[in-house]
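Work through the exercises below with the model open beside you. Try each task before you read its solution.

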Amino acid sequence: MKGFNVHFPQGWDCHGLPTEVRVEQTFKIRKNDVPSEQFVEMCRKLTAEYIAKMKQSMNLLGISSDWALEYKTMEPSYYKLTQLSFLKLHKTGHLYRGEHPVNWCPRDETAIAEAEVVYQERRGTLYYMKFGEPNQSIEIASTRPELLAACVAIAVHPEDGKYKVMVGKTVTVPIFGQKTRVISDDEVDPRYGTGAVMICTFGDKTDVRWQKKYHLPVIKAITEDGRLSVEDPRFKGLKAEEARKKIVAELQANGLITKTETMQQNIGTCWRCQTPVEIISRPQWFMKTRDMTQKVVDWAGKLDWVPPFSKQRLIDWAESLDWDWVISRQRIFATPIPIWYCTKCGRVIIPEESKLPVDPRKDPSPEEKCPDCGNRELRGETDVLDTWMDSSITAAIHAGWPNESDLFKQLFPADLQPNGLDIVRTWDYYLMVRSLALFGTAPYKTLLINGMVKGTDGRMMHKSYGNYVVADEAIKKAGADALRQWAAAGGSTGYDIPFRWNDLEYGKKFLTKLWNVTRFILANTTESLSQQKPSRLSLIDRWLLGSLQNLTKEVSLAFETFQFNTALEAIRNFTWHALADDYLEAVKHRLQSGRDPADLKATQYCLREAILTICKLLAPICPHMSEAVYHQFPSEATKSIHQESWPKPDKTLDEASIRNGKLLLDLIAHARREKSAKGLSLGSNIKRIVISTEAEHLHILKENEETILRTLKADTIDLERLPPNSNQGKEPSAGFKVEIVA
Ligand SMILES: [Zn+2]
Ligand SMILES: [Zn+2]
């Protein structure tokens, strides 16, 4: 409507843990119960079904994405591009493979990124345990006695007098018997527990830092499926939780637990299944993102963020990261990592870009033998890529990458990146780091961040809370345009909006009103509505046209600044009040037969102008109803309202008419109230109306006597000058005194 050729692609991010988990639930299997190719097929099928459903809802909602540009990340044509971006970043040294501790979900048996760890408050027990021999012991408090087997050192604070003599000594770990050294480090909190802590590989991120700092050995006590891997047959193979119970019982039996305390813990859990995450070290692929923090922060500051506070989300997140982004996953339904290895010397073998897409899980290596050592035994990578590796290049792919044509330069960086507040630290962050690494620029110019939809109970909508509403149900009950109004008017951009059926009802009512006004206008028009601005317009006509100009300005500005609620409220208020309550009531008499034809023409022109302008302004929010109303006006040549030009306000605004027209309408409203206060119906005739007002207003009313008389159905009118100050304290209708003589 504003004359821009908008590129609005629609893609489906298919891969990932949620899909796999849903397939496992739907078919009541675990991923390893069936051959992996069959599992992938099940994932693809289920994903396609969900896409079909979502697409249908989107179409019902009137979302105007360009379906010719539709893509799915699970299609080989797409994951070929993900693989290409991997090879390019590998070439430029942004990627590396290494064995580093990473967050790990033992239930889903995969590495997860820091962005996928959700911290939850849980109650836990702090166990005070005796380490060492009776003559040289040290007491240590920990919530995770099952990690005793992985204890590699004991740390105390250097200033802690209690332990000064212990530093440098060797202490035996209870049950498992390994000898550990006592070290001192500033990071120990002497007030936590006993002030002495065990360093395990790995209990948390501090352990990871200490292990590196003091070159401590790594004992892998927890397996990838979260079980204890120790020689001791009493504990071997137990899940962490069971192992903890058994180890505590064993310690208690030996009098090695001196005290227990319950405490609130902040536990890192898997975003998908809420299982507490472990920190596990195994070879993984990483992207060097830690080095990019300053760049991310600098770029974030150069972009437009709506609302502005969302920018800080990205900055805080980037600055909080202390590990590189782990991009490999131990899953199945994902983009394969395009890499083979030499089983002898470990050399990485990379396919040619033209050979993509590849699946090293089943495709043979592109080289017959290792170029370094000549070994013919080459193994394809079985790990796959994090889903965010697919979705963090969307902005470039939308612009046609890897074809960096003129069109690409026009479409990249994207003008607008719209997404929810919850994925600023994932989608927006990963898009940023990948784009900086691949293209040296941010992938977007403006970020439009929406809040989340909350259930009617004020909590986030969640299946397990039972507080969710399916979009289709809302559309069926109230209509797509009512649902869209709720979304637009629900709150300021960036803030959460609760779902309220009442809001949808109100939206529906508004559309009914708009439709009724349209029908009234059409019913009172004998000939096709005039499109030519008449030369003679009454005050009230000029007031309406002037107010319409103001509305256009206000709504245009609101849309430009993404304040959808402001835009919609202005349109709805104008339609209900200015058009229906004020103008229509004041001009009804002019539409009756036998009236002045010039008057009739002017009225019809104004009504048509008002309703069409309202519809154009409303078209982005209510595309269906605005189109339906638009088609009621047969003289329109254009096919669709969505092809109409956006209304442009005149350069000069008739301020005097807006002011004086408002005065006249206030007077009429005031007189109507007086009429009904006297027990008279609005349609009943009255003999006389006496109006007193300030001198400067008298001439305005005098010029519009005809309108006053006809609207109020009065035979005669007396206009009197109000003595100065006599209207004090009579708000809101100050300025008038009206007397009705029946
Ligand atoms: Zn999980
Ligand atoms: Zn080799």
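Helices (H or I, at least four residues) and strands (E, at least two) are DSSP runs, numbered from the N terminus. This is a predicted model: local features need pLDDT of at least 70, side-chain atom pairs count only at pLDDT 80 or more, and totals for chains, interfaces and linings use all residues. Residues are numbered from 1 along each chain as its sequence is written, and side-chain values use heavy atoms, with hydrogens and water left out.

**Exercise 1. Place serine 435 and describe its surroundings.**

Step 1: find the element. Serine 435 sits in helix 11 (residues 424–439).

Step 2: judge its cover. Buried means under 20% relative accessible area, exposed over 50%, and partly exposed in between (1.4 Å probe, protein chains only). Serine 435 has 3% relative accessibility, so it counts as buried.

Step 3: list its partners. Contact means heavy atoms within 4.5 Å. Leaving aside neighbours within four places in sequence, serine 435 touches Phe412, Gly440, Thr441, Ala442 and Pro443.

Step 4: take a long view. Glycine 177 is 258 residues away from serine 435 along the chain, and 51 Å separates their C-alpha atoms.

**Exercise 2. Describe the overall form of the protein chain.**

Step 1: count the elements. The protein chain has 21 helices and 26 strands.

Step 2: compare its spread with a rule. The radius of gyration is taken over C-alpha atoms, and the globule rule is 2.2 Å times the number of residues to the power 0.38. For 742 residues the rule gives 27 Å; the protein chain has 36 Å, well over that, so it is more spread out than a compact globule.

Step 3: read the spans. The C-alpha trace extends about 110 × 65 × 45 Å along its principal axes.

Step 4: look at burial and contacts. Of the 742 residues, 50% are buried. Among contacts between residues at least 6 apart in sequence, 75% join residues at least 24 apart.

**Exercise 3. Decide where the model deserves caution.**

Step 1: start with the average. pLDDT is the predictor's confidence in each residue, from 0 to 100. The protein chain averages 92, and 97% of the residues score at least 70.

Step 2: find the weak stretch. Residues 729–733 have a pLDDT below 50, with three contacts beyond near neighbours in sequence. Where pLDDT is low, the predicted coordinates should not be read in detail.

**Exercise 4. Trace helix 21 and the residue after it.**

Step 1: pick out the buried side. In helix 21 (residues 705–712), Thr707, Ile708, Leu709, Thr711 and Leu712 are buried.

Step 2: name the packing partners. The buried residues of helix 21 pack against several elements, including helix 15 (539–560), helix 16 (564–591) and strand 25 (714–721).

Step 3: move one residue on. Lysine 713 lies in the loop between helix 21 and strand 25. Its phi is positive, about 55°, although lysine 713 is not a glycine. At 35% relative accessibility, lysine 713 counts as partly exposed.

**Exercise 5. Find unusual backbone geometry elsewhere.**

Step 1: recall the background. Most residues other than glycine have a negative phi, and most peptide bonds are trans.

Step 2: check phi. Isoleucine 175 has a positive phi near 65°. Its loop runs between strand 8 (170–172) and strand 9 (179–184).

Step 3: check the peptide bonds. Valine 306 and proline 307 are joined by a cis bond, with omega about -5°. Leucine 356 and proline 357 also share a cis bond, with omega about 0°.

Conventions: Chains lettered and ligands numbered in written order.
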